[in-house]
Amino acid sequence: MKGLSSVLAFSSTTVVAAIFLGFLLSGLNTFAAWSAIACGTLAAAAAWRTTNPYPRAPLGLWDWLMLAAFALSSLRAFLWVIYPRGDEICVLSPNNLGDLSLHLNLIRYLASGVAFWPESSILNNAPLSYPLGADLLNGLLEICGADTIRGLVWVGLAGATLTGYALWSWGGPFGVAAFLFNGGLAGFAVFRTLQIDDFQREMVWKNLFLSMFVTQRGLLFALPAGLLLLCVWRERYFRSGLRVISFWLELLLYASMPLFSVHAFLFLSLVLCAIFIASYSRPRNRGNAKGSSSAGGAAIAGVPAQTGVSCRDGTGSVRELLIFVASAALPATVGILLVTGFFSASSGMRWSPAWIMGEAGGNLWVWISNFGLALPLSVMLAFALYSDRDLEARCFVWAASALFAACCVFIFAPWEWDNMKLMLWCWLVIAPYLWRKLLAPLKLPARAAVCVILFFSGGVSLIGGLDTRHGYPLAQRSELAGWQHAIASIPPEVRFASVSDYNHPLILLGRKVACGYEGHLWSHGLNYRKKLELLDKSLHGEVDWRLSAPLLDVEWLALRQKDLPVARPPGDPPAANAYGALYDLRPLLKQDPSSRENPQLRPQSVDLSW
């Protein structure tokens with residue numbers, strides 16, 4: 001536990017210090033990067049000294065098997081999360097083509113020294129509205145000299161190591177399996193096709209490891225930090241009363257969570273609310289030795305029973321929780337303001353009770369094939385707790401169940417599938433109690449059969465998603481080198497007009513564009529449609545750049561060979577043997593927009609002639 005808390009303290013403190021120094025110095029530089037890392041190192045040392053031992057049982061056979069499966073999956077996923085193949089730069093997962101492009105943009109954009117709080121790199125006249133914590137950490141590594149691709153691999157492996165340990169600490173081997181092998185019934189198609197593949201790829205309840213952990217870089221911090229806080233709160237308020245980590249570290253991890261994942265912060269806040277209600281309802285000086293600290297309860301994390309140990313009384317817990325939330329309110333609010341662009345992005349929240357069923361309408365089979373046994377077992381658990389006196393299980397399971405039910409009928413983001421960022425937490429919290437209350441009491445054959453039905457489909461998808469048949473080209477190394485050389489003399493704060501594409505070289509090189517990939521703009525809730533329409537008309541020659549360039553805040557136009565002839569250049573086209581061309585629009589901005597003169601610009605070739 002000391003190692004987990006130390007690395008998380010380092011990551012959180014480094015990011016917070018970097019943001020502060022970014023504001024103070026109007027951007028990040030080598031001094032700011034090393035200073036932030038130094039602050040993180042001090043915080044890690046303090047966390048190591050102040051973290052108390054966390055009670056847990058020795059590792060058994062199933063613990064070793066699940067941790068080994070998680071380690072092998074993580075090595076495969078993150079060693080090849082992005083890699084060179086000849087002249088190509090490839091990604092292992094098709095889910096990562098769009099996501100990793102945006103992360104590369106943010107890493108290099110933040111490392112370029114732009115002023116804080118940065119403008120959006122994918123939309124003009126808009127603040128950056130994205131939880132940038134993980135990308136900022138990689139940006140600092142790049143400033144310090146680390147290669148971008150190697151930095152992505154290093155941080156991915158480190159985050160996976162922390163997550164595997166945190167999953168086991170929270171839920172034991174069943175908790176690790178619930179994350180690694182979640183799924184419904186789709187994977188049983190392997191018996192029909194006789195081919196292993198990610199059969200859940202097109203479903204709503206996809207394999208969480210493949211669809212979220214590998215693609216959503218904020219989870220590399222949010223998952224281990226959130227699970228650590230859940231372990232800390234479980235031990236503090238329902239079991240021994242021990243404070244596993246110090247108050248300052250608990251406050252740091254919780255208050256900085258919005259910088260990495262707003263959804264994780266919202267879920268943890270809901271859990272705090274549930275703990276507050278549970279603590280308020282607990283009579284003064286009433287112990288919990290017979291309830292949540294029973295042998296069955298301790299089995300969730302493989303911890304020996306702590307018979308006779310009482311947790312804090314209700315009054316003390318309520319007072320402590322109020323102090324904690326009050327202390328976190330201001331820094332957490334500042335973090336939320338920053339990553340939402342000061343609430344400039346649309347929340348997208350709306351009522352949509354049929355979103356999971358999609359085009360299938362009222363087809364009940366959609367629910368069955370998506371969730372399999374997980375959903376009915378979770379419902380059974382929630383109802384079983386009405387007659388169970390386990391206050392700990394009630395607190396965590398009912399809170400998670402209520403949020404899961406809300407996510408089934410409400411959409412909390414512009415893109416409905418982003419609800420999974422909340423439903424993920426609900427499942428991880430419910431899973432260990434599902435094992436303890438419903439599955440562990442079963443006889444071995446029944447227990448094994450239920451686990452097979454629960455995890456077989458997810459296991460098939462995991463193997464299919466990580467096999468050697470995959471590898472999807474993201475960019476050409478030579479083309480990126482040509483564009484990087486061509487724009488080297490252009491300051492990083494300059495914005496370009498370009499065709500909206502997820503893997504445009506300017507995006508991958510961390511440059512600002514008028515309108516980025518529409519999927520990113522839409523899913524982030526940005527107001528982009530009129531700007532994108534103006535950009536498209538300008539690229540097609542329907543609107544003069546003298547009129548549109550000031551409105552789009554662009555000074556240069558970047559056209560690739562494949563953008564032609566759809567996009568009409570304002571001058572000579574790029575040379576036939578070039579990757580593309582740059583057009584300096586600044587001379588046009590000095591001309592009268594009402595003039596009928598049609599100026600022609602000379603292109604600056606983008607190639608490898610240098």
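## Strands 8 and 9

In this predicted model, Trp556 stands opposite Asp584 in strand 9. These residues belong to a pairing in which strand 8 (residues 556-560) and strand 9 (residues 580-584) run antiparallel and are joined by five bridges.

Strands 8 and 9 are members of an open sheet of five strands, arranged in the order 7-6-8-9-10 with mixed pairing. The edges of this sheet are strand 7 (512-513) and strand 10 (604-606); each has a single partner strand, so one side of each is left without a neighbour in the sheet.

## The three-stranded sheet

A further open sheet consists of three strands in the order 1-2-5, and its pairing is antiparallel. Here the edge positions are taken by strand 1 (83-85) and strand 5 (472-476), each of which has a single partner strand, so one side of each lacks a neighbour in the sheet. From one strand to the next, the twist averages 45°. As a general point, the side chains of a regular strand alternate between the two faces of the sheet.

Three bridges connect strand 1 to strand 2 (residues 88-91) in the antiparallel sense. Across this pairing, Pro84 stands opposite Ile89, and Arg85 stands opposite Glu88. The two strands form a hairpin with two residues between them, in which Gly86 takes a positive phi near 65°. With strand 5, strand 2 forms an antiparallel pairing over four bridges. In that pairing, Val91 of strand 2 faces Tyr472 in strand 5.

## Helices across the sheet

Two helices can be described in relation to the strands of this sheet. Helix 4 (residues 96-111) lies across strand 2 and strand 5, and runs at about 35° to strand 5. Helix 19 (residues 477-486) lies across strand 1, strand 2 and strand 5, and its angle to strand 5 is about 30°.

## A crossing of two helices

How do helix 9 and helix 16 cross, and within what distance do their axes come? The axes of helix 9 (residues 219-238) and helix 16 (residues 391-409) come within 11 Å and cross at roughly 145°. The crossing is right-handed.

On the side of helix 9, the residues that meet helix 16 are Leu230, Arg234 and Phe238. Their counterparts in helix 16 are Leu391, Glu392, Cys395 and Phe396. By class, this contact has five nonpolar, no polar and two charged residues.

## Cavities

Empty space left among atoms is revealed by rolling over them a probe the size of a water molecule. A search of the whole structure finds five cavities of 30 Å³ or more.

The largest cavity holds about 80 Å³ of space. Its lining includes Leu102, Asn105 and Leu106, the run Ser120, Ser121 and Ile122, and the run Pro127, Leu128, Ser129 and Tyr130. His524 and Leu526 also line the largest cavity. By class, this lining has seven nonpolar, five polar and no charged residues.

In the second largest cavity there is about 60 Å³ of space. Ser93, Pro94 and Asn95 are among the residues that line it, together with Asp198, Arg201 and Leu210. Gly465 and His470 are also part of the lining of the second largest cavity. By class, that lining has two nonpolar, four polar and two charged residues.

Note on methods: Residues numbered from 1 in each chain as written. Predicted model: local features only at pLDDT ≥ 70, side-chain atom pairs only at ≥ 80, totals over all residues. Heavy atoms only, no water. 1 Å grid on protein atoms, 1.4 Å probe; cavity = no way out; pocket = protein on both sides within 12 Å on 5 of 7 lines; lining within 4 Å. Points joined across faces, edges and corners; volume = space filled by probe spheres on them. Nonpolar A, V, L, I, M, F, W, Y, C, P; charged D, E, K, R; others polar. Pairing = 2+ DSSP bridges. Axes fitted to C-alpha atoms, helices over the stretch in contact; angles between N-to-C directions. Contact = heavy atoms within 4.5 Å. Left-handed = near helix turned anticlockwise from the far one by under 90°.
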